[in-house]
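Here is a short tour of one protein model, from its overall build down to a few residues. Have the structure open as you read.

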Amino acid sequence: MTEARTPGHGPLGGVRVVELAGIGPGPFAAMLLADLGADVVRVDRPGGPGLGIDPALDVTNRNKRSVIVDLKAPDGPARVLDLVERADVLIEGYRPEVAERLGVGPGDCHARNPRLVYGRMTGWGQQGPLADRAGHDIAYIALTGTLGMIGDPAGPPAVPANLLGDYAGGSLYLVVGVLAALHHARATGTGQVVDAAIVDGTAHLSAMIHGMLAAGAWQDRRGANLLDGGCPYYGTYETADGRHMAVGALEPRFYAEFLRLLGIDGQNEAHTDVTRWPELRERVAARFRTRTRDEWTARFDGSDACVAPVLSLREAPHHPHLAARGTFTDHAGITQPAPAPRFSATPAAIRTGPARPGADTDDVARDWDVPRLLSSSPKSPKPPKPSKPSKPSNPQ
């Protein structure tokens, strides 16, 4: 690990990361590393960010610092390679071969720093017939079979925002790969390339389902299985006020408690008799429509029936349990998820708000001992006026 001159907070204190600016899963992965204490320097492009929102509100750039480098300028690659020489990790989200053409590909970087972990975040991966094609989260999860699992069988598949592909199948797998490769680099002195493709990660997330499919315990269609809404005691129901409750009463004793509190008799055997599921679903739905969401929340409060209200993004931070745990926090006027997971000896924290493009050039040049950053450094662009956020997604 390169010796850091900047203080570290969290379990990754002292780890240095160079992030080549992008949108979607790459920035989120770098945010997670930054939340855990890594010193993340985001190399922004001249002209501002890729998303149409004020950089001051882009939470995925919290706990980072930013410099601006034009990689297409004659000295652009050299300035990035000066950072790479002092880094432990680099993250980029270009299409295959783009970083190589810009002069900051794995070969260029490892020539300067053989210990570097080079993390590549794409949708399709570095090889394969679609590797050079553009795409977004929805297309990646569509091909893996996971999108087709989600939603009412009477309608089209439901789109799970970009959480399943970009962030679960993409960012989190990149972070796992980077940390594993960093462990290897520390043990051997040799870095490597981590090819994190959203199609690979999203497919990997469905490992248990594929096992159930092979065992005949899962039908290859929506709304017909234990965990996809096909089961009447694992799903969501509308309440009298048009809101919803979520039910997950899988185990027999939880199921019995659920029926008791819901006020339904004579359905104990329906737990294992799938032929009775349609009747059970109708009765459960009818009962939930008799009270409001808050009334049902109070009814199930303190029980093991595994029932919870479906909250909105603005409601969630105020739930008593999440508030008690500090699952959400306010920083610089922005309500946002707190760093996760939690550590007993090296707690993570939100140290700074979103990095403004180019605002940290002087500090990074000093702390990382990269004076070339100060030569011909582009000025930081003025933040754009706040506008409706576009969906963050990986453009690979």
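## Overall build

A residue is called buried here when its relative accessible area is under 20%. By that cut-off, 45% of the 396 residues of the protein are buried. Please keep in mind that this is a predicted model.

The chain folds into 13 helices and 11 strands, and its C-alpha trace spans about 75 × 45 × 40 Å along the principal axes. Among contacts with a separation of 6 or more, 68% come from residues 24 or more positions apart.

## Surface and charge

About 19200 Å² of the protein is exposed, with carbon and sulfur atoms supplying 56% of that area. There are 42 positive and 44 negative charges, and their mean positions lie 3 Å apart.

A nonpolar patch on the surface is worth a look: Met 208, Leu 226, Leu 227 and Tyr 234 form it, together offering about 330 Å² of accessible area. Leu 227 sits in the loop between helix 8 (207-214) and strand 7 (234-238). Because its relative accessibility is 32%, Leu 227 counts as partly exposed.

## Helix 9 and its surroundings

Now turn to helix 9, residues 252-262, where Phe 254, Tyr 255, Phe 258, Leu 259, Leu 261 and Leu 262 are buried. What do the buried residues of helix 9 pack against? Their partners are two strands and two helices: strand 8 (244-248), strand 9 (307-309), helix 10 (277-288) and helix 11 (293-300).

Just past the end of helix 9 comes Gly 263, with a positive phi of about 90 degrees.

How values were computed
Residues are numbered from 1 along each chain as its sequence is written. This is a predicted model: local features need pLDDT of at least 70, side-chain atom pairs count only at pLDDT 80 or more; totals for chains, interfaces and linings use all residues. Side-chain values use heavy atoms; hydrogens and water are left out. Helices (H or I, at least four residues) and strands (E, at least two) are DSSP runs, numbered from the N terminus. Buried means under 20% relative accessible area, exposed over 50%, partly exposed in between (1.4 Å probe, protein chains only). Contact means heavy atoms within 4.5 Å. Accessible areas come from the Shrake-Rupley method with a 1.4 Å probe; for residues, only the protein chains shown count as cover. Lys and Arg count as positive and Asp and Glu as negative; His and the chain ends are not counted. The place of a charge is taken as NZ of Lys, CZ of Arg, CG of Asp or CD of Glu. Patches are made of residues with over 30% relative accessible area and no salt bridge: like charges are joined within 9 Å, nonpolar side chains (Val, Leu, Ile, Met, Phe, Trp, Tyr) within 5 Å. A salt bridge is a side-chain nitrogen of Lys or Arg within 4 Å of a carboxyl oxygen of Asp or Glu.
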